[in-house]
Amino acid sequence: MTTLGEAVADARARFSAAGFADAAIEARILIGGLLELSSTEVFVGGDREIDAASVAKIEDAVARRLKREPVHRILGKREFHGLDFLISKETLEPRPDTEVLVDSVLDEARQFAGDRDIRILDVGTGTGAIILALLDGLPSATGIGSDISVDALKTAAENARRLGLDRRFQAVESHWFDKIDGCFDIIVSNPPYICSDVIPDLDPEVRDFDPMAALDGGADGLTAYREIADRAGEFLAADGCVALEIGFDQKHAVIELFEAEGFNLLLARKDYGENDRVLIFAKSVVDAAKQKKKLGIPKEAG
């Protein structure tokens, strides 16, 4: 009979031999997830015996990881902003740096959440991680998650149901704003922003397993931002904001695109690795200084 400790040690050794930098962590996360054990249970439960079916399941998962399939794709889910999200073939795996976008939007929305119900639009919603985390943090808010992928929309809707947020969330199939109606206080997006010619050089975990439609931002990585800058104003409340995740080297280019369409930059924030990651804009009809004061944003924020 194989023990949990032996299974973890074997996976760690094989991952290490394959050159995985976080072999020990990945082994614990993978096996813990497969057996539905907490990290503490995996850490202290080395003597726990594992039945033959579980051993076979672990062997299959380890083999998949050695082919560079990401751990959380193998498990089919990942935690994001304290919530558990299902992942599917046509959705990005939610990543920690995107939590900075959620936190930035929550900081702003809570400044006026008591005054009115908030409507949120998440363009290119994928798993629904961003908008569902926002709805979880804003009990009076409602929102729409749009995507061109039916698979992604089904996944987002199921995540909303599992999290008890389905009454406040609607999934809409739409290419950007084409099928969107109404006015929103917050428009948020983590769009594809990788330059097309860079994609072949990405790590296999990203290049071979993340959906291409969620990665490829066109020749200069800015195609999606042009679409959003061009049309977001039609759907944004007068004192609303547009919040975006960006690539580490895209801050100035995206700011120029939005300013050219009549937006003012309200806030810029970096991610946990100190890379530029979040930009938040308001319509030009709102005085930027007054808007910052209203939302409690320091003048020099970002």
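The following questions and answers go through a predicted model, from its sheet to its cores, salt bridges and single residues.

Residues are numbered from 1 along each chain as its sequence is written, and side-chain values use heavy atoms, without hydrogens or water. In this predicted model local features need pLDDT of at least 70 and side-chain atom pairs count only at pLDDT 80 or more, while totals for chains, interfaces and linings use all residues.

User: Which strands are the edge strands of the open sheet of seven strands?

Analyst: Helices (H or I, at least four residues) and strands (E, at least two) are DSSP runs, numbered from the N terminus. Two strands pair if DSSP finds at least two bridges between them. The order is E7-E6-E5-E8-E9-E11-E10, with mixed pairing. An edge strand here pairs on one side only, and these are strand E7 (169-173) and E10.

User: How many bridges join E10 to E11?

Analyst: Strands of a sheet pair through backbone hydrogen bonds, either parallel or antiparallel. E10 and E11 run antiparallel. One bridge partner is Lys283 in E11, matched with Phe263. The number of bridges joining E10 to E11 is seven.

User: What angle does the direction of helix H10 make with that of E9?

Analyst: Axes are lines fitted to C-alpha atoms, for helices over the stretch in contact, and angles run from 0 to 180 degrees between N-to-C directions. Contact means heavy atoms within 4.5 Å. Helix H10 (residues 223-235) packs on the sheet and touches E8, E9, E10 and E11. Its direction makes an angle with that of E9 of about 160°.

User: Which element gives the largest share of the largest nonpolar core?

Analyst: A nonpolar core is a set of buried Ala, Val, Leu, Ile, Met, Phe, Trp, Tyr and Cys residues joined through side-chain atoms within 4.5 Å. The largest one has 33 residues, and Leu132, Leu134 and Leu135 are among those with the most contacts inside it. Elements that give two or more residues include helix H8 (150-162), strand E8 (184-189) and helix H7 (129-137). The largest share, seven residues, comes from H7.

User: How many residues are in the other core, which includes Tyr225 and Phe258?

Analyst: This core lies apart from the largest one. Phe235 and Ile246 are also among its members. Its residue count is 32.

User: Which side chains of E4 point to the buried face?

Analyst: Buried means under 20% relative accessible area, exposed over 50%, and partly exposed in between (1.4 Å probe, protein chains only). Side chains alternate along E4. Asp84 and Leu86 point to one face and are not buried. Those on the other face, which are buried, are Leu83 and Phe85.

User: Which residue of the hairpin of E3 and E4 takes a positive phi?

Analyst: Strand E3 (residues 77-80) pairs with E4 in the antiparallel sense over four bridges. Phe80 has Leu83 as its bridge partner in E4. Two residues lie between the strands, and the one with a positive phi, near 55°, is His81.

User: Which residues are joined into one network by salt bridges that share partners?

Analyst: A salt bridge is a side-chain nitrogen of Lys or Arg within 4 Å of a carboxyl oxygen of Asp or Glu. Arg65 forms one with Glu26, the closest N and O atoms being 2.7 Å apart. Arg68 meets Glu205 in another, also given as 2.7 Å, N to O. The network joins Glu26, Arg65, Arg68 and Glu205.

User: Why does the pair of Arg68 and Glu205 tie together separate parts, and how many residues apart are they in sequence?

Analyst: Arg68 lies in the loop between H4 and helix H5 (71-75), and Glu205 in helix H9 (residues 204-207), so the pair ties two parts together. Arg68 counts as partly exposed because its relative accessible area is 30%. Glu205 is buried because its value is 14%. The separation in sequence is 137 residues.

User: Is Glu245, the partner of Arg277, buried or exposed?

Analyst: The closest N and O atoms of the two are 3.9 Å apart. Arg277 in strand E11 and Glu245 in strand E9 are 32 residues apart. Glu245 has 4% relative accessibility, so Glu245 counts as buried.

User: Which backbone nitrogen does the side chain of Thr91 reach?

Analyst: Thr91 lies in the loop between strand E4 (83-86) and helix H6 (98-109). Its relative accessible area is 0%, so Thr91 is buried. Residues it touches include Arg73, Asp151 and Pro211. At 2.9 Å, its side chain reaches the backbone nitrogen of Ser88.

How values were computed. A polar contact is a pair of N or O atoms within 3.5 Å; within protein, one must be able to donate a hydrogen and the other to accept it, and residues adjacent in sequence count only if both atoms are side-chain atoms. Lists of a residue's contacts leave out its neighbours within four places in sequence.
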